[in-house]
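Subject: A structure for you, with notes on its salt bridges

Hi,

Here's the structure I said I'd pass on. Have a look at it first, then read my notes underneath.

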Amino acid sequence: MLLFGSRGSSVSSMKKTSKPPVTVFVALLRAVNVGGKNIISMPALKASFEKIGFTGVTTYINSGNVIFKTKEVDQRKIERNIEGMLSKDYHLESKVVVRNLSEMANLVASLPASWNGDPRYKYNVIFLRHSIDSEEILNRLSPNPEVEEVTYRSGALLWSAQISNLPRTDMLKVSGQKIYQEVTIRNLNTTRKLLDLMTKIASA
């Protein structure tokens with residue numbers, strides 16, 4: 001009798017536990033506020049993200065890094081929603097890369113030990129859109145092993161080179177290729193800072 005008498009509370013508990021969890025994501029926008037083009041204020045961008053239903057929205061520096069929470073789990077759908085908003089609100093036809101907290105944490109944990117912040121070197125994380133996310137992309141880019149090091153991680157390429165050798169690197173030529181539209185780049189410090197912010201927002 002107690003089981004059937006508590007049916008209402010049991011149903012209520014089931015409803016509470018069946019709610020999808022809120023996940024922390026970061027959206028990495030391409031070519032925002034670069035060279036005086038695609039100018040977007042971060043307060044306005046934050047408001048736009050909130051308008052399409054994201055919560056806990058935080059931006060980092062001026063290059064289009066937006067951290068947010070959502071119950072949506074389909075990252076491709078999230079990317080499409082953000083791209084649609086950018087087109088409507090800012091007339092910006094730009095592709096977006098979205099990563100969740102787990103993906104960012106795994107990526108940062110996998111950074112080479114040699115990425116120690118040596119000021120003589122440049123360290124970049126090249127985030128790959130799902131359309132080109134494969135280790136085979138290294139064959140298409142053909143980096144110069146004499147002056148640069150490029151390794152694949154799920155969803156990204158890790159690129160480093162001594163600053164004095166930058167003119168000799170082949171990866172700098174990627175900007176002239178079609179594939180460049182499918183990537184977005186963040187330096188080592190920005191990548192680590194984004195993970196730090198995502199972790200703090202997740203625990204808030």
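Below is what I found about its salt bridges.

One thing to keep in mind: this is a predicted model. As background, side chains of opposite charge can pair when their charged atoms come close. In this structure there are 11 salt bridges, and I'll walk you through three of them.

Start with Glu 83 and Arg 129, whose side chains form a salt bridge with N and O 3.1 Å apart. The two sit in distant parts of the chain, 46 residues apart: Glu 83 belongs to helix α4 (residues 75–90), while Arg 129 is in the loop between β5 (121–128) and α6 (137–141). Arg 129 has 10% relative accessibility, so it counts as buried, the cut-off being under 20%.

Next, try Arg 168 and Glu 146, where the closest N and O atoms are 3.6 Å apart. Both are in loops: Arg 168 in the one between β7 (156–162) and β8 (183–187), Glu 146 in the one between α6 and β6 (148–153), so this salt bridge ties together parts 22 residues apart in sequence. Arg 168 is partly exposed at 46%, whereas Glu 146 is exposed at 67%.

Then there's Lys 193 with Asp 196, at 3.8 Å between the closest N and O atoms. They're three residues apart in helix α7 (residues 188–203), which means about one helical turn separates them. Lys 193 is partly exposed at 29% relative accessibility, and Asp 196 is partly exposed too, at 31%.

Finally, Glu 83, Lys 95, Arg 129 and Glu 182 are joined into one network by salt bridges that share partners.

Cheers

Terms used. Residues are numbered from 1 along each chain as its sequence is written. This is a predicted model: local features need pLDDT of at least 70, side-chain atom pairs count only at pLDDT 80 or more; totals for chains, interfaces and linings use all residues. Side-chain values use heavy atoms; hydrogens and water are left out. A salt bridge is a side-chain nitrogen of Lys or Arg within 4 Å of a carboxyl oxygen of Asp or Glu. Helices (H or I, at least four residues) and strands (E, at least two) are DSSP runs, numbered from the N terminus. Buried means under 20% relative accessible area, exposed over 50%, partly exposed in between (1.4 Å probe, protein chains only).
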